[in-house]
Number of protein chains: 6
Amino acid sequence: MTAELVTFGETMIRLSPPEGERIETARSLEFRTAGAESNVAVAASRLGCSAAWLSKLPDSPLGRRVTTELRTHGVEPYVRWDDDARQGAYYIEQGRAPRPTNVIYDRADAAVTTARPDELAVDIVEDAAAFYTSGITPALSETLRETTGELLQTATEAGTTTAFDLNYRSKLWSPSDARDACESLFPKVDVLVAAERDIRAVLELDGDAPTLASELAGDFDFETVVVTRGEDGALARHGGTVYEQPVFETDTVDAIGTGDAFVGAFLSRLIAGEPVETALAYGAATAALKRTVHGDLAVVTPDEVERVLRGGDAGIDR
Amino acid sequence: MTAELVTFGETMIRLSPPEGERIETARSLEFRTAGAESNVAVAASRLGCSAAWLSKLPDSPLGRRVTTELRTHGVEPYVRWDDDARQGAYYIEQGRAPRPTNVIYDRADAAVTTARPDELAVDIVEDAAAFYTSGITPALSETLRETTGELLQTATEAGTTTAFDLNYRSKLWSPSDARDACESLFPKVDVLVAAERDIRAVLELDGDAPTLASELAGDFDFETVVVTRGEDGALARHGGTVYEQPVFETDTVDAIGTGDAFVGAFLSRLIAGEPVETALAYGAATAALKRTVHGDLAVVTPDEVERVLRGGDAGIDR
Amino acid sequence: MTAELVTFGETMIRLSPPEGERIETARSLEFRTAGAESNVAVAASRLGCSAAWLSKLPDSPLGRRVTTELRTHGVEPYVRWDDDARQGAYYIEQGRAPRPTNVIYDRADAAVTTARPDELAVDIVEDAAAFYTSGITPALSETLRETTGELLQTATEAGTTTAFDLNYRSKLWSPSDARDACESLFPKVDVLVAAERDIRAVLELDGDAPTLASELAGDFDFETVVVTRGEDGALARHGGTVYEQPVFETDTVDAIGTGDAFVGAFLSRLIAGEPVETALAYGAATAALKRTVHGDLAVVTPDEVERVLRGGDAGIDR
Amino acid sequence: MTAELVTFGETMIRLSPPEGERIETARSLEFRTAGAESNVAVAASRLGCSAAWLSKLPDSPLGRRVTTELRTHGVEPYVRWDDDARQGAYYIEQGRAPRPTNVIYDRADAAVTTARPDELAVDIVEDAAAFYTSGITPALSETLRETTGELLQTATEAGTTTAFDLNYRSKLWSPSDARDACESLFPKVDVLVAAERDIRAVLELDGDAPTLASELAGDFDFETVVVTRGEDGALARHGGTVYEQPVFETDTVDAIGTGDAFVGAFLSRLIAGEPVETALAYGAATAALKRTVHGDLAVVTPDEVERVLRGGDAGIDR
Amino acid sequence: MTAELVTFGETMIRLSPPEGERIETARSLEFRTAGAESNVAVAASRLGCSAAWLSKLPDSPLGRRVTTELRTHGVEPYVRWDDDARQGAYYIEQGRAPRPTNVIYDRADAAVTTARPDELAVDIVEDAAAFYTSGITPALSETLRETTGELLQTATEAGTTTAFDLNYRSKLWSPSDARDACESLFPKVDVLVAAERDIRAVLELDGDAPTLASELAGDFDFETVVVTRGEDGALARHGGTVYEQPVFETDTVDAIGTGDAFVGAFLSRLIAGEPVETALAYGAATAALKRTVHGDLAVVTPDEVERVLRGGDAGIDR
Amino acid sequence: MTAELVTFGETMIRLSPPEGERIETARSLEFRTAGAESNVAVAASRLGCSAAWLSKLPDSPLGRRVTTELRTHGVEPYVRWDDDARQGAYYIEQGRAPRPTNVIYDRADAAVTTARPDELAVDIVEDAAAFYTSGITPALSETLRETTGELLQTATEAGTTTAFDLNYRSKLWSPSDARDACESLFPKVDVLVAAERDIRAVLELDGDAPTLASELAGDFDFETVVVTRGEDGALARHGGTVYEQPVFETDTVDAIGTGDAFVGAFLSRLIAGEPVETALAYGAATAALKRTVHGDLAVVTPDEVERVLRGGDAGIDR
């Protein structure tokens with residue numbers, strides 16, 4: 001097995017002015033990389049799960065900036081290099097009440113938007129324990145809608161557990177387009193992760209979170225449905241049982257990437273054969289730790305996650 | 001009309017060590033520009049009101065650092081260049097309880113302190129919809145006391161609405177000197193803005209805020225009196241009616257310039273012909289947004305101000 | 001007259017890692033703006049010539065980052081704001097022998113590529129003393145090829161002097177495409193500026209620089225032809241006479257923008273009615289000074305240019 | 001008298017990534033110096049008490065980095081220079097709940113661990129009003145255990161008041177080793193400072209803080225026992241009376257060094273002949289101010305401490 | 001085959017003040033990793049050769065800082081994690097004539113100094129095409145002297161080409177100790193790399209470079225001897241023939257790591273089956289490019305190396 | 001003896017944008033302290049000579065920023081604190097040919113300009129081996145002209161060797177004013193240091209350097225005359241003999257403070273009883289090393305100076 005977890009999607013370069021500065025007048029930008037699917041791979045890799053990321057990038061220093069970052073965290077990038085296409089980017093101004101965090105996407109015509117299965121290392125999907133992608137990827141192009149479906153199909157046929165995060169982005173497509181595309185993929189998905197607000201806005205379901213989870217499990221025969229509820233924690237419905245997991249108190253530096261850290265840790269524990277409730281707890285602890293670090297990536301260690309789970313206080317350790 | 005809003009006063013260079021560092025041991029200083037009257041012009045300009053700033057500066061890179069910053073935000077500087085005089089400066093250590101924010105003025109003998117009407121582009125005051133200055137300017141020199149009075153007189157005679165912020169600075173002059181000087185200017189002022197604490201400490205009036213506003217309007221025949229009350233918001237008395245405006249919840253990065261942002265936005269709406277209560281709301285929303293940005297200047301956009309007014313939450317917009 | 005000099009073209013955001021660092025591993029990027037035509041406008045404006053820049057930008061913080069920078073240097077941007085299009089960008093790694101300076105363009109589908117005369121403030125072109133654009137702009141899209149021609153036509157018909165820099169970029173189009181497009185514009189150009197290497201590679205002319213200048217003047221009836229020769233200085237052919245101008249010794253920090261600084265200063269002196277040889281000297285002195293400053297822009301003053309022309313040494317002035 | 005207060009112990013170089021970054025991926029480290037005993041000397045010196053620091057350092061730029069910093073704050077280092085030994089260092093990642101502040105010591109075989117009285121300027125201990133060291137120093141090596149004892153003995157015999165902070169560090173030694181070593185020193189200590197948690201964990205005493213203080217005073221004949229209780233303030237038992245001192249509200253930037261700032265200020269007032277309760281208040285105010293500044297050192301002034309004691313609010317002083 | 005090239009040695013954290021600053025007064029340090037053998041592995045990896053690095057590190061954020069950096073450049077670290085030992089470090093002040101670059105080692109008792117073959121992934125040495133280590137490693141401890149010999153023996157017995165750089169460090173051991181240790185290893189070395197000055201100072205040989213190479217080849221039966229001569233380039237004696245390679249003109253930013261970049265590129269070409277003269281040219285070009293980048297690592301691409309070999313000029317590529 | 005060398009003069013805060021940036025557009029400034037006389041004291045102190053600096057400063061964080069820096073380098077400041085006066089400052093843009101280094105003084109009415117002997121610790125002048133001041137100090141105010149004379153008189157009467165650097169600053173006074181003031185002080189000066197260009201421009205003497213030295217020695221009965229000639233080194237005439245000293249080759253980072261480093265080192269050797277030629281050599285070596293470090297101060301060590309004198313090459317020392 002090349003990698004226990006394989007994820008597929010776009011990773012962009014992330015450009016952000018220092019906190020308290022505006023893009024309009026900034027003179028320097030923090031330069032990171034960020035993409036839901038590779039964020040998930042990094043979180044899983046850092047918690048000891050071998051992870052690979054499948055995608056298509058421009059053959060340029062910008063494309064290599066993405067793979068360099070992933071290797072730094074032990075994620076093996078399986079990339080189709082493209083001589084002409086652009087590298088997707090996004091700009092983000094960290095908000096402070098009453099000013100929201102503002103994201104400016106500049107990802108049109110990125111190399112990945114033309115990625116077809118025949119040019120990707122699909123074999124690693126077949127070998128993997130789990131294959132993960134999210135609702136962002138099919139939103140990027142018609143080609144990716146098809147490719148996402150085909151990869152989920154390949155995984156399903158090979159017995160690879162498939163996981164999918166609804167990850168609705170209003171700046172990429174309308175709720176109805178998102179619903180059509182995602183619902184067409186659901187039959188090939190074993191584990192669904194979705195934010196409660198997205199289930200209501202996109203899948204147009206009602207009721208409290210446990211009800212949403214049951215309805216989704218019923219409608220689309222998911223093995224596991226995880227509903228994330230921001231400050232109210234997350235719940236998972238698996239084997240007819242609903243497991244609740246509150247958030248861990250956290251002093252936030254950067255909230256971006258919290259959800260992906262949760263999913264990466266959650267999947268790493270499932271892949272390691274641990275029960276859903278343990279995976280939920282790992283997800284919540286890793287998400288809380290991720291918020292204490294700048295950037296999208298969960299730069300944490302297994303010891304630190306376990307310390308949070310043990311209720312270790314946040315004083316000083318000397 | 002050259003500019004709808006013309007402001008007159010001193011703009012200094014602002015030098016501050018990074019947060020958590022002291023001037024005594026700092027190795028680098030953030031280098032910005034700041035002055036109540038130009039801060040007001042910037043806030044108005046950013047909200048779509050054509051604004052100009054009238055003053056006198058040394059003909060040096062330091063003087064040009066001031067005009068460069070103002071042009072960046074669309075404010076046209078009408079400056080008398082002086083070959084010999086100094087550029088005023090102030091040093092500011094951001095405080096953290098129990099350490100106050102400490103301001104060290106180094107503004108004695110700055111070029112502006114010798115500014116006389118005959119060497120300033122007074123015609124733009126006559127053309128303007130509104131002319132604004134504050135209690136800091138007459139505090140700087142005898143010459144400026146006279147010049148401030150003459151410019152207010154010129155504006156009044158030309159039918160230009162005059163606005164004046166009491167802006168008491170204890171490090172510049174005593175309450176009694178401030179009272180004498182400002183009260184001598186009040187007859188030429190249409191719109192008075194004053195912090196509640198300054199009204200008590202300088203103008204020695206008592207009673208709650210509405211009472212203070214009424215007394216001032218009665219005593220000096222102001223069209224409009226705005227009383228600002230820090231965390232308790234602001235109120236305006238206009239045409240016999242008192243309008244209240246609470247603050248908007250804000251996660252503060254830098255409080256310096258909050259008052260000027262309020263005044264700039266308030267005047268921009270008055271100039272645009274909007275009612276006082278709308279102007280108050282714009283002022284409060286712009287002030288709240290200003291506190292989320294480093295430096296004195298309200299680097300915000302009309303959309304952002306309107307979003308706050310619509311009660312938009314401060315989550316993430318993607 | 002709105003502006004003595006009006007320039008038309010694309011201005012991108014410029015992102016570069018600190019010197020000695022590679023994009024692949026950088027964690028922060030210097031964030032500036034840069035575009036040949038606005039660089040020229042800035043150089044002219046800083047030397048006292050009123051300048052405006054005509055273009056089309058996305059209505060976003062990135063678009064405003066461009067206009068904010070131009071206003072900082074006194075250039076008035078006349079921009080058509082576009083709600084949907086991208087902001088062009090380029091990444092630049094400063095080279096050091098034997099590693100060349102590497103430019104990565106990310107400018108496809110930028111807002112400006114769809115700019116048509118009917119959505120631009122064409123009247124300021126008619127009012128201007130001179131209108132400038134360069135060979136980069138028509139290289140960006142078919143629409144811009146037409147628009148560039150129409151604006152040059154408008155200028156010519158209004159009696160506005162037209163200036164054009166060949167500015168060949170191999171990463172944008174082939175020599176032959178460049179030749180066809182530019183030669184179709186030449187009849188509407190009064191002042192041609194071209195690098196000697198571009199004249200040979202694109203216009204396929206031979207002979208030494210004076211010969212090239214004469215041939216071009218003969219073939220296309222240019223009033224003035226300026227041939228730039230890097231370290232060997234520049235020459236101008238005007239009224240049958242050839243004027244030579246050597247470079248000024250310079251200790252280079254950042255060579256990018258040298259040519260635009262030369263053109264901006266050259267045009268500012270022509271517009272001020274000075275003879276060609278004075279304009280050449282101003283161009284060379286401003287270009288030398290520009291190389292001592294980071295970024296594309298000639299952040300210099302008239303005094304500094306005149307000091308270089310007076311042969312002032314580069315010691316210390318205290 | 002060379003110095004009123006002499007302190008003895010190890011000062012390390014302190015290396016920390018910017019907040020929100022991890023050592024694993026950081027590219028730059030803040031570079032300061034830090035050591036309990038020299039932190040105490042700096043706090044005392046800044047509050048007007050002449051202070052000296054006694055130790056042993058490598059004769060290298062790293063050793064001089066330590067003495068340079070101390071001189072910056074008026075502390076005179078009396079150092080035995082060692083040509084071969086290492087400079088102790090520690091790395092610290094500022095934590096954010098739920099991630100604790102993580103300290104990585106790299107101090108084995110530091111020059112100071114071999115410091116013997118015969119190679120130190122012991123005479124300044126005899127001349128001093130007070131001699132201070134802490135439980136960290138004897139934890140570092142057998143030699144230092146002996147040297148600490150001998151210096152306390154020397155001080156006692158010379159009539160110099162001796163002060164000792166239990167300062168238990170779990171990463172340096174076990175509670176029982178700490179108890180044995182420290183209790184062997186107690187007979188030579190006049191003033192004991194100890195954190196409540198250390199008294200319980202190391203000295204294995206029970207009861208509330210006043211009780212702990214009395215027991216300790218009884219058992220070891222301390223003149224003064226100070227028990228520090230983090231957010232619950234501190235108390236001192238002196239001449240049979242117990243004085244309580246709450247903390248001052250503080251908006252913390254960096255908590256490291258809070259205890260040393262308290263001790264330094266406390267000792268400086270005792271040395272100045274002020275009563276214990278005044279010394280306690282000075283300690284608490286200085287500790288609160290220290291938390292508003294990055295790094296271990298209390299970079300504050302007497303005026304600022306007195307302002308806190310007067311209950312000055314933390315607004316803006318202009 | 002796990003990796004074509006396996007290298008064995010110590011990698012330290014590298015701490016350096018900004019250029020023009022001294023350690024004594026610096027407030028921040030650039031934080032990189034550096035070690036001859038891992039530098040070589042990175043250079044080879046970046047030029048397309050699969051590379052692994054074998055060593056022993058402390059199981060701490062500092063140890064992981066080393067492996068993180070190597071993975072960033074595609075080098076797979078095979079590390080024995082040690083719970084107690086230190087992480088070696090070195091401080092470096094970039095010199096400027098007449099001040100030399102000053103290196104302060106702090107590497108005593110680093111985890112690697114106790115590395116024994118039985119705790120290392122020796123199998124990857126047996127599988128490799130080439131195994132590389134240098135004269136620094138045996139200088140660090142008696143254990144490493146033995147382990148280096150055993151690994152060279154293992155490689156030789158498995159038919160893995162062995163390469164060794166004399167890499168004499170005067171701050172680690174005397175010329176005579178170095179000679180004894182290295183000469184004891186030479187019989188297990190196929191490819192010797194040595195600086196001309198080290199051959200004279202350590203191996204006490206005389207004559208010009210070709211003569212030195214021949215003598216060494218004769219005395220120790222090396223397949224290939226490479227003599228590096230700083231600005232005078234390098235030569236290699238292989239199969240009785242001597243190949244000369246001049247340096248490429250370079251505008252140096254950071255000379256540290258030049259030799260390792262040369263060796264890594266040289267070995268990568270040998271492993272790829274290319275002739276010695278090609279390997280020499282690759283080495284020289286990569287070394288020249290490395291000097292244009294801060295830090296020890298050759299952050300370059302194959303295209304860039306080949307461009308230098310093609311004599312591409314260092315202008316601007318746009 | 002309090003200090004072997006006592007210097008008297010103004011020390012300003014020094015504010016400079018990063019290299020390649022202009023004050024007009026900079027966002028941060030390097031924040032150092034600088035003054036000829038304290039620069040000299042620092043150089044002497046770093047070479048082992050006990051040094052004190054005598055002056056008058058504002059009692060503010062800015063004043064303390066000056067004393068803090070001096071203590072860092074072992075110089076004891078003897079300062080009269082002034083509650084009201086300003087802290088002198090200067091802004092400096094590092095030049096690059098053809099742009100000169102530009103200094104903007106902002107030192108009018110600084111606290112020191114009112115310094116009278118009766119408020120200074122004049123006793124340390126009487127105790128010192130040498131007292132140094134320069135032509136900058138009397139240029140600052142009438143009061144300082146008198147005070148400088150009185151302190152030189154006091155030194156002379158106490159048998160303290162007096163040293164004076166002409167240090168002409170064209171931005172402070174005219175050549176003739178400088179000549180009158182300095183020549184009135186010469187009778188109280190034992191050791192004169194002067195730049196060759198200043199001797200010609202201010203003292204209006206002609207002839208080559210040795211001739212200038214002899215004439216000055218003859219006219220004013222100096223014990224020693226040192227003539228500094230920039231890149232042509234320096235010469236000293238002492239006891240009728242002229243000693244020549246060339247410069248040491250240096251790769252300059254920051255030339256400011258070179259002269260003061262020379263004088264500080266020169267005086268430290270004279271005070272140590274070494275012959276003039278040794279002092280000259282120390283001065284030249286220290287000046288060369290100073291140019292390799294940012295800022296005014298010679299942050300060097302005796303070993304480094306002696307290494308330059310031994311002709312140590314500037315390679316790498318590891």
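A salt bridge here is a side-chain nitrogen of Lys or Arg lying within 4 Å of a carboxyl oxygen of Asp or Glu. In this predicted model, that rule gives a count of 162 salt bridges over all chains.

Take chain B to begin with. B:Glu204 and B:Arg179 make such a pair, their closest N and O atoms sitting 3.6 Å apart. The link is between distant parts of the chain: B:Glu204 belongs to the loop between helix 7 (196–201) and helix 8 (209–220) of chain B, while B:Arg179 is in helix 6 (residues 175–185) of chain B, with 25 residues separating them. The two ends also differ in how much they are covered. B:Glu204 counts as exposed because its relative accessibility is 55%, whereas B:Arg179, at 16%, counts as buried.

Another pair in chain B joins B:Glu119 to B:Arg116, with 3.9 Å between the closest N and O atoms. Here the acid is the buried partner: B:Glu119 has a relative accessible area of 11%. B:Arg116 comes out at 38% relative accessibility and so counts as partly exposed.

Over in chain E, the side chain of E:Glu119 meets that of E:Lys56 in a salt bridge, 2.7 Å from N to O. E:Glu119 sits in the loop between strand 7 (101–106) and helix 3 (123–127) of chain E, and E:Lys56 sits in strand 4 (residues 51–58) of chain E, so the bridge ties together parts 63 residues apart in sequence. Both E:Glu119 and E:Lys56 are buried. Turning to chain A, a single network takes in A:Lys56, A:Arg80, A:Asp82, A:Arg116, A:Asp118 and A:Glu119, joined by salt bridges that share partners.

Chain A also carries a negative surface patch, made up of A:Asp123, A:Glu126, A:Asp127 and A:Glu157. The biggest contributor is helix 3 (residues 123–127) of chain A, which supplies three residues. A:Glu126 is found in that helix. With 40% relative accessibility, A:Glu126 counts as partly exposed, and it qualifies for the patch on that score because patch residues need over 30% relative accessible area.

Finally, helix 10 (residues 276–290) of chain C has 15 residues. At 1.5 Å a residue, helix 10 should span 21 Å, and its end C-alpha atoms are indeed 21 Å apart, so expectation and model agree. As for its surroundings, 13 of the 15 residues of helix 10 of chain C are buried, so this helix is largely enclosed by the rest of the structure.

Definitions and conventions: Residues numbered from 1 in each chain as written. Chains lettered and ligands numbered in written order. Predicted model: local features only at pLDDT ≥ 70, side-chain atom pairs only at ≥ 80, totals over all residues. Heavy atoms only, no water. Patch = residues over 30% accessible without salt bridge, like charges linked within 9 Å, V, L, I, M, F, W, Y side chains within 5 Å. Areas by Shrake-Rupley, 256 points an atom, 1.4 Å probe, with all protein chains shown as cover. Lys, Arg positive; Asp, Glu negative; His and termini not counted. Charge placed at Lys NZ, Arg CZ, Asp CG, Glu CD. Helix = DSSP H or I, 4+ residues; strand = E, 2+ residues; numbered from the N terminus. Buried < 20%, exposed > 50% of the residue type's maximum accessible area, 1.4 Å probe, protein only. Expected span 1.5 Å × (residues − 1).
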